[in-house]
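Q: Please take a close look at the aromatic pairs in this model and at the residues around them. I would like one connected account, with the values given.

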Amino acid sequence: MRIRKYFLIDGIIGSCIFYYFVRKIQIYYGVNIEIDGYGLAGAAWYGIGLGFVFGVKFIRVNEIISFFKKK
């Protein structure tokens, strides 16, 4: 199996997107990560961990770059 060229960048973008939405949900429900360590752990696990998997699976940075290079 060959690893794609932008594997890490795809994962990092997905992590940022998911972490943003998890934190928005936590703020809406009043989770304070300074007091609640489980809130921070949840944001890290669901936001960063699952976001990385989502980014690797569905985000294709190389296709976006090639789209803009053609123009």
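A: What follows goes through the aromatic rings and then the residues around them.

The model is a predicted one. Its aromatic pairs number 6. One of them joins Phe 7 and Phe 52 in an edge-to-face arrangement, with 5.8 Å between the centres and 80° between the planes. Phe 7 belongs to helix H1, which covers residues 7–28, and Phe 52 belongs to helix H2, which covers residues 37–58, so this pair ties together parts that are 45 residues apart in sequence. Phe 7 is partly exposed because its relative accessible area, 29%, falls between the limits of 20% and 50%. Phe 52 is likewise partly exposed, at 26%.

Tyr 28 and Tyr 29 make another edge-to-face pair, with 5.0 Å from centre to centre and an angle of 85° between the planes. Both of these tyrosines are exposed. Apart from these pairs, Phe 18, Phe 54 and Phe 58 form one aromatic cluster.

Phe 52 also takes part in the surroundings of Ser 15. Ser 15 is in helix H1. With a relative accessible area of 9%, Ser 15 is buried, because the value is under 20%. Leaving out residues up to four places away in sequence, Ser 15 touches Gly 47, Ile 48, Gly 51 and Phe 52. The side chain of Ser 15 also reaches the backbone nitrogen of Phe 52, at 3.3 Å. Phe 52 therefore pairs through its ring with Phe 7, and its backbone nitrogen is reached by the side chain of Ser 15.

Which residues does Gln 26 contact beyond its neighbours within four places in sequence? They are Val 31, Ile 33, Gly 39, Gly 42 and Ala 43. Gln 26 is itself a residue of helix H1. Its relative accessible area is 10%, which means that Gln 26 is buried. Val 31, one of the residues in contact with Gln 26, is placed in the loop between H1 and H2. Val 31 is partly exposed, with a relative accessible area of 26%. When neighbours within four places in sequence are set aside, the contacts of Val 31 are Arg 23, Gln 26, Asp 36 and Gly 39. Gly 39 is thus listed among the contacts of Gln 26 and among those of Val 31.

Helix H1 also holds Ile 13. The relative accessibility of Ile 13 is 34%, and the residue counts as partly exposed. Ile 13 helps to make a nonpolar surface patch of about 450 Å², together with Ile 9, Ile 17, Tyr 20 and Phe 21.

Ile 9, a member of that patch, leads on to Arg 60. The two residues are 51 residues apart in sequence, while their C-alpha atoms are 9.1 Å apart in space. Arg 60 is located in the loop between H2 and helix H3, the latter spanning 61–70. At 28% relative accessibility, Arg 60 is partly exposed. Without counting residues up to four places away in sequence, Arg 60 touches Arg 4 and Asp 10. Its side chain also reaches the backbone oxygen of Val 56, at 3.1 Å.

Lys 57 is a residue of helix H2. Lys 57 has a relative accessibility of 54% and counts as exposed, because the value is over 50%. Between the C-alpha atoms of Lys 57 and Ile 35 the separation is 34 Å, with their positions 22 residues apart along the chain.

To return to the starting point, the pair of Phe 7 and Phe 52 links H1 with H2, and the side chain of Ser 15 in H1 reaches the backbone nitrogen of Phe 52 at 3.3 Å.

Conventions: Residues are numbered from 1 along each chain as its sequence is written. This is a predicted model: local features need pLDDT of at least 70, side-chain atom pairs count only at pLDDT 80 or more; totals for chains, interfaces and linings use all residues. Side-chain values use heavy atoms; hydrogens and water are left out. Rings of Phe, Tyr and Trp (its six-membered ring) pair if their centres lie within 6.5 Å; planes under 30 degrees apart count as stacked, over 60 as edge-to-face and the rest as tilted. Helices (H or I, at least four residues) and strands (E, at least two) are DSSP runs, numbered from the N terminus. Buried means under 20% relative accessible area, exposed over 50%, partly exposed in between (1.4 Å probe, protein chains only). Contact means heavy atoms within 4.5 Å. Patches are made of residues with over 30% relative accessible area and no salt bridge: like charges are joined within 9 Å, nonpolar side chains (Val, Leu, Ile, Met, Phe, Trp, Tyr) within 5 Å. Accessible areas come from the Shrake-Rupley method with a 1.4 Å probe; for residues, only the protein chains shown count as cover. A salt bridge is a side-chain nitrogen of Lys or Arg within 4 Å of a carboxyl oxygen of Asp or Glu. A polar contact is a pair of N or O atoms within 3.5 Å; within protein, one must be able to donate a hydrogen and the other to accept it, and residues adjacent in sequence count only if both atoms are side-chain atoms.
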